[in-house]
Structure formats: structure tokens, C-alpha cells
Amino acid sequence: MPKTLEIRKLHVEIEGREIIKGVDLTVSTGEIHAIMGPNGSGKSTLSYSILGHPDYAVTQGEVLFDGENVLDMKPDERAAKGLFLAFQYPVEVPGVTLASFLRTAVNSIRKKQARWGGQPLKEISAIEFYKRLEEKMNLLQMDPSFAQRYLNEGFSGGEKKRAEILQMAMLSPSIAILDETDSGLDIDALRIVSDGVNALYGPDVGLLVITHYQRILRYVQPQFVHVLVDGRIALSGGPELAEQLEEHGYDWVKDQLGESAVTRQNG
Amino acid sequence: MANALNFNRRESYLEKYGFHDKNSYVYRTEKGVSSRIVEEISGLKGEPEWMRNFRLRSYGIFEKKSMPGWGADLSGLRFDDLYYYVKPSDKKGRNWDEVPEKVKLTFERLGIPEAERKYLAGVEAQYDSESVYSSLKGIWEKLGVIFCSTDEALKKYPDIVRQYFGTVIPPGDNKFAALNSAVWSGGSFIYVPAGVKVEIPLQAYFRINAESAGQFERTLIIAEPGSFVHYVEGCTAPVYSTNSLHSAVVEIVVKEGARVRYTSIQNWSDNVYNLVTKRAFAYKDATMEWLDGNLGSKVTMKYPSIYLMEKGARGEVLSIAYAGNGQHQDAGGKAVHIAPYTSSRIVSKSISKGTGRSSYRGLVHVRKGAHHVKSKVRCDALLLDDRARSDTYPVMEINEDEVDIGHEATVSKVGDEQLFYLTSRGLTEEEATAVIVSGFIEPIVKQLPMEYAIELNRLIELEMEGSVG
């Protein structure tokens, strides 16, 4: 049974300023959606508010995941329900190893899920955990020693992005939002990260790829592309839309907007 | 929401855990301290004349000395209202059934072995570790290592004790050193012969009895040239004490080429004033390392210090302090460079929460003539919420030009961005804060023996629980 993330008429403010001005979007597991947009269009605001960043206030609208209203839930609860955000700028947490943090996260999610399901908690054993970690690190071509480094501390841009995808691999979300995962990556890193993302994608996983450039979409190929301009989805279409944007730029979209509010582009 | 460790902090420990029967199974001197009581203590212990005189002289100094004009607020201390000597009995103090559920739960969560729980809860006067202890005893004896209580050492090895007792910390050092010198009881005595390296850390646990976990412990450690020993004192499990003043003195002599590491973690109940004087003399090419963890007590004033006496001497103080509601941890370290070509390092990590106050107070002193001294001080403070407070009082007295002295201080709050990042991965806000805190103290914790590191982290996690919002 596919699960859906339904964003309905969403309005989001930060410090009294409205950034998202009415967004409707539905992402199902098994689908790959891309959100493209110029700087300042509200891409990160959208992803932060879906996961529940305290600075962002939802003033109108709903976000339903698998039929439940997630806006009532704390970020950790949303994660336990199956939502994940790969950050554009992952923050450093000194003194905490990637491995120990991940193990805590896995168990924390299991704890919540057990409670909701009325089941006894089964924490992941060390052996099971490290076996899985090794498997996923191999997939992402990460050196095993990486797991013992302090979370994001001193990581290069590429290492941070790969670590985000590693975390996604370990937490097995149903819907993952990738916030400008391609920024700061060179061709090889981009390919490795994309391969990792593709390996995680499947009928039970939906992806929302947020990006400024078309590059990553050559590797992680969306079925649906949406263009976010000034806090609204101005245009939606198929993968060709991404190519058109590449060719004509975002100004072209703004010109299109002049003709009609939202258009579905064909061919 | 109940906090496992804060469960009874508002209740008077004396009421709940006071003596059941004043007369039958515990002996103690009457309230207050006087030269008569000091004599009584010495008499009860059957001490030699010189120690009795030392105590009496110290008492005289105590009476005359004034309270420190700095540091934490000690106005709550009532010297007349305390018992200065309690002789433990072999009989039980209280029933296991009477121990609150939450206390038992804490032991459970910290993974404290069964046998230790009863001791820590005051149910047993002795920690029964005979089997473990006796086999280790055999090893030490073969090496010529002496590890016993200071009382015992005074009886069995009076000459060594007399040679060093009071030489590192004379009674006149400060009011509380004077008090300890007058009424001391218990504590550890360690003597390591030249060239002997004791591989397994010596722990106070092994020869524990109620007296040694007492108020006025006096510890003396002597490391002969080329030797090594690691002593671990205290424990992370909360220790419930009816005695509200703990004033210990620790003297350490590290001779040429020797190395001593002293690890101490205290988690006294929140009625305790924990005022400790700890000092080591490090001689030529010797190394002294203090690892200090302060979690409990109402007030702690403790500044492990090292006097770098001869060329090549090295000293290190690594200190962690956690101050929750109503607590004041005034901690830090002192490095006194007497000789040239000596080095020191002080690292302090303090955490404050709620009305808790965690301060770094430190001294780096370089005497004239002590050139080519290298000293680094690093104090980091982490504030867990808006009310928390942290202060730094670093003092540098540098009387030489050719020295390399550095001081770095940082203050940080638990960042919203860090919290969001961690919670978005499924950690509750409490868990996320605990992770951030454990990362903050990690550079020091990784120096602790593993069981302590694990216990310390778990303990801090418990402190975090139910404490957000």
C-alpha cells in the first residue's frame, strides 16, 4: 500500500514574514518528485516546515502523512512516522561519533514505533547495527573509519552529503526530502551519492529532491517536476520541464506565470 | 515529570535516613568540634603522640583561620551543628525495603551490581568485595605496593606516613585543610616502590567501608621514582549522606620519572558542602594527572593542583562539572611552576542547567626563574537553558618572559539548529540534549576507565530526562 505525503494549501512564516504562500503537493512512496526554484523561492523553508523546525510557523494548511496530520507532531515523531530530511548544511555535533549517534537514532525511532504499535521494544543489537552500517557504507563507498569520526565535524562538503545519505540508509524512511544534496559536490561525488539514493529508492520509498540545478536529476530521475517561485508552485510537469528550465532559466517560468497561475506543461 | 535523581532532593536526608537507634549501633562524638573532641577522636583510634599533637595544633589553626572570602556561598554551613566522627558498625543501617523505589531505579539504570547497591543506599556498612579484593591484594603485596586506609597505614607504616603527612598540604593552608587535619578519618594510603608500575587502577571501592566514604577523608599517595599508579576515587552513583560537610585532603608526591593519575567522580547528595584540597608535588620528569568529575553536592569547591617542582615535571587537570538546579560547582585547577622547563595543561568542561551555577576557577603561577614554562588552559562552558549560569575566574601570575602561556575560553548554548538536526533523526529533545552534552564532555570522558565513562554518560542522560520544558 503506497503511503502519501499530502501538503495542502500550506502557508509558512518565519519571523513574521511569509515565505510559503500556498503550496499543494502530493508525493507517494514509489515516486520521485523534484522541486526546482531560484534562490529565495522557499525551497528550504518548505523542507524545514515539513520536518517541524521550531523557527518556522505554519499559518495555514495541512501536512498529512499516511493520513495523519504531522503538523501536530514533534520532529522526532515525524521521523518515526517515516519522514527524513537530508540537510543542505548539516550541522556539526562535536564529540559524538556518527556510529553512536546513528545507533541512538535507530533505537529512538524503534522505541516510538513500539509504543505506537503496542509492541514490546526490540532495540537493535550491536552486531546487527554494525553489520548494517558496514553494508550501507560500502554501498556509498565510504571508508569504515568514517563511522568513528565526530558527526559532521571537519567533514568536507561531499563527506557531509554522503553522511546524510548514509543516515537515510540506516533509518529507512518512507518519504525522504533531499535538500540541495547536489550542492558542493563534484561529478564523482554526485554520482556516488546518486547511486546510493537510487539504491534506496523503491516501491516503498518516495523522494522529494530539492535542487537549484538540473544536474542531479540526470542521475536521480524524477517522474514529476515542480517549480517553486516566490513561495508558490508556479509550474508542474514531467522530467522535460527540468530540461526546459536548464535551457531557458527561471525567468522563463516567471514569463509563463504571466499567462496563467499554474499550468501543466505537456510534451 | 519526575526526574529519577531529583526525586527527594527537596526532602531532608536526615529525616528520611537518619539513625534508627542513636545508642545501640553507631558510635559518634557529640555535635560540634573542640580540642576535647579532637583528642577523643585520636584516642578512639589509638594514635601515636605525634599525630595527636598534629591534630590539636591543626584545630588551633582552624579556630583562628577565617572563611575564604571568595568562591561559593558557604553561609549555610553550621560548624556546631555537625558530627565530626562517626564509627561505622557492622550492623545494617536501614532496611532495603525502606529505600525509595526511585533510588533503586537509578541503580538499575546505571547497571550498579547488586552487592554495591545495598552499600550505596546505606543498607550495608561494608561493601563485600572480599573475593575480588583479596586476589588483587596478593598481586600488590608481591610488588611491594601498599594500598590500605590511612588509619591502617598510620599503625603499620608510621615512619612513611610521618615523613610525608602534611608536607604537601600543611594545616595552615586554608581553614578546611586545618579542619581536616584535626578530625580526619579514613581515606586511602598508597605507596608504590621505585620502578613499579601498577597496571590495574586501584579503586577506593576495593577496601571500602562506611568510614572511608566519610566526611574527612585524608588520602596520601607516594610514588617513588619511575613508578606508575592510577587511583580511582568515588563513584557516579548518587551517594546519600547525612553528613552535610565533606572536607577531604589529598596529598600526592610524584618523584623523579614517576607518574600518578588520580581519577575522582563525586555525586554527593544535594545537601552536601564538598570542600576539598587536593595537591600534588611533581619532581624531575614526573607526571601528575588529575581527572575530576563533579556531578553532585550542593556546593563544591575543589581545585586540584600541581606544583611543578623540578625540571621536566608535567601536570594536567581535566575537570568536568555539572550543575543542576540549586547546585554550585566551583571547580578548576591550579598549576604552580616552581622550576623552569616544566609544563601544565588545564581543561575544564562545565555544564549548567536551570538555576545551576558552574564556575571555572583556576590559577597558573610561574615563579621568577621558572623560564621555558609551557601552560595551556582551556575552559568551555555549556549552558543548557536561559537561566543557567557559568563564570570563569582564571588567574595568571606570570613572572618570567620566556614562557608559552595560552588561555582559551568558550561559552555555548545548546543550539536550536543542533537540536532540530538531531530530533529530525528521531531523537526526543531530551535525548538530543543528552547527546550534545555527552559530545561536549567527550574529550575528557574518553580518558576515564571505561566503566566510569559509561556510567557518567548514563548518569547525565538521567539528569536530562524529564528536565526539558
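Below, a trainee and a mentor talk through how some descriptions of this predicted model are justified.

Trainee: Let's start with confidence. What pLDDT does chain A average?

Mentor: Chain A averages a pLDDT of 91, and 96% of the residues score at least 70. Residues 259–267 of chain A are a stretch to treat with care, with a pLDDT below 50. Beyond near neighbours in sequence, that stretch has 10 contacts in the model.

Trainee: And what does chain B average?

Mentor: Chain B averages a pLDDT of 83, with 78% of the residues scoring at least 70. Over residues 125–129 of chain B the pLDDT is below 50, and this stretch has 16 contacts beyond near neighbours in sequence. Residues 207–213 of chain B also stay under 50, and there the model has 20 contacts beyond four places in sequence. For the complex, the predictor gives an ipTM of 0.94 and a pTM of 0.81.

Trainee: Good to know. How do you know that β1(A) and β4(A) pair, and in which sense?

Mentor: Pairing asks for at least two bridges between two strands. Strand β1 (residues 4–14) and strand β4 (residues 56–65) of chain A have eight bridges, in the antiparallel sense. You can follow the register yourself: A:Leu5 stands opposite A:Phe65, while A:Ile14 has A:Tyr56 as its bridge partner.

Trainee: What makes β4(A) and β5(A) a pair?

Mentor: The cut-off is at least two bridges, and two bridges join β4(A) to strand β5 (residues 68–69) of chain A. They therefore count as a pair, and they run antiparallel. One of the partnerships is A:Leu64 with A:Asn69. The hairpin of these strands has two residues between them, and A:Asp66 takes a positive phi near 55° there.

Trainee: Why are β2(A) and β5(A) called edge strands?

Mentor: Look at the order first: four strands form an open sheet, β2-β1-β4-β5 of chain A, with antiparallel pairing. Strand β2 (17–28) and strand β5 of chain A each pair on one side only, and that is what puts them at the edges.

Trainee: What makes α5(A) and α6(A) roughly parallel?

Mentor: Angles under 35 degrees count as roughly parallel. Helix α5 (residues 157–171) and helix α6 (residues 187–200) of chain A pack at about 10°, with their axes 10 Å apart. The two helices are therefore roughly parallel to each other. Among the residues making the contact are A:Ile165 and A:Met168 of α5(A), and A:Ile192 and A:Val193 of α6(A). By class, the contact divides into eight nonpolar, two polar and two charged residues.

Trainee: Now chain B. How is its eight-stranded sheet ordered, and which strands stand at the edges?

Mentor: The order is β5-β7-β10-β12-β15-β17-β19-β21 of chain B, an open sheet with parallel pairing. Strands β5 (202–203) and β21 (403–413) of chain B each have a single partner strand, so one side of each is left without a neighbour in the sheet. Within the sheet, eight bridges join β10(B) to β12(B), which run parallel. B:Arg259 has B:Thr287 of β12(B) as its bridge partner.

Trainee: What angle does α11(B) make with β17(B)?

Mentor: α11(B) packs on the sheet, touching β15, β17 and β19 (373–383) of chain B, and its direction makes about 165° with that of β17(B). Angles over 145 degrees count as roughly antiparallel, so the helix and β17(B) fall into that class.

Trainee: Which part of chain B supplies the largest share of its side that touches chain A?

Mentor: The helix we just discussed, α11(B), with eight residues. The whole contact takes 20 residues from chain B and 23 residues from chain A. Both α10 (416–423) and α11 (429–445) of chain B supply at least two residues of the side of chain B that touches chain A. That side has eight nonpolar, seven polar and five charged residues.

Trainee: And what are the domains of chain B?

Mentor: The domain assignment gives domain 1 (14–416) and domain 2 (417–469). In chain B, 24 residues of domain 1 are in contact with 22 residues of domain 2. Elements supplying at least two residues each on the domain 1 side include α4 (101–110), β10 (259–266) and β12 (287–294) of chain B. The residues of that side divide into 14 nonpolar, six polar and four charged.

Definitions and conventions. Residues are numbered from 1 along each chain as its sequence is written. Chains are lettered from A and ligands numbered from 1 in the order in which they are written. This is a predicted model: local features need pLDDT of at least 70, side-chain atom pairs count only at pLDDT 80 or more; totals for chains, interfaces and linings use all residues. Two residues are in contact if their C-beta atoms, placed from the backbone, lie within 7 Å. Ala, Val, Leu, Ile, Met, Phe, Trp, Tyr, Cys and Pro count as nonpolar, Asp, Glu, Lys and Arg as charged, and the others, Gly among them, as polar. Domain bounds come from an automatic or database domain assignment. pLDDT is the predictor's confidence in each residue, from 0 to 100. Axes are lines fitted to C-alpha atoms, for helices over the stretch in contact, and angles run from 0 to 180 degrees between N-to-C directions. Angles under 35 degrees count as roughly parallel, over 145 as roughly antiparallel, 65 to 115 as roughly perpendicular and the rest as oblique.
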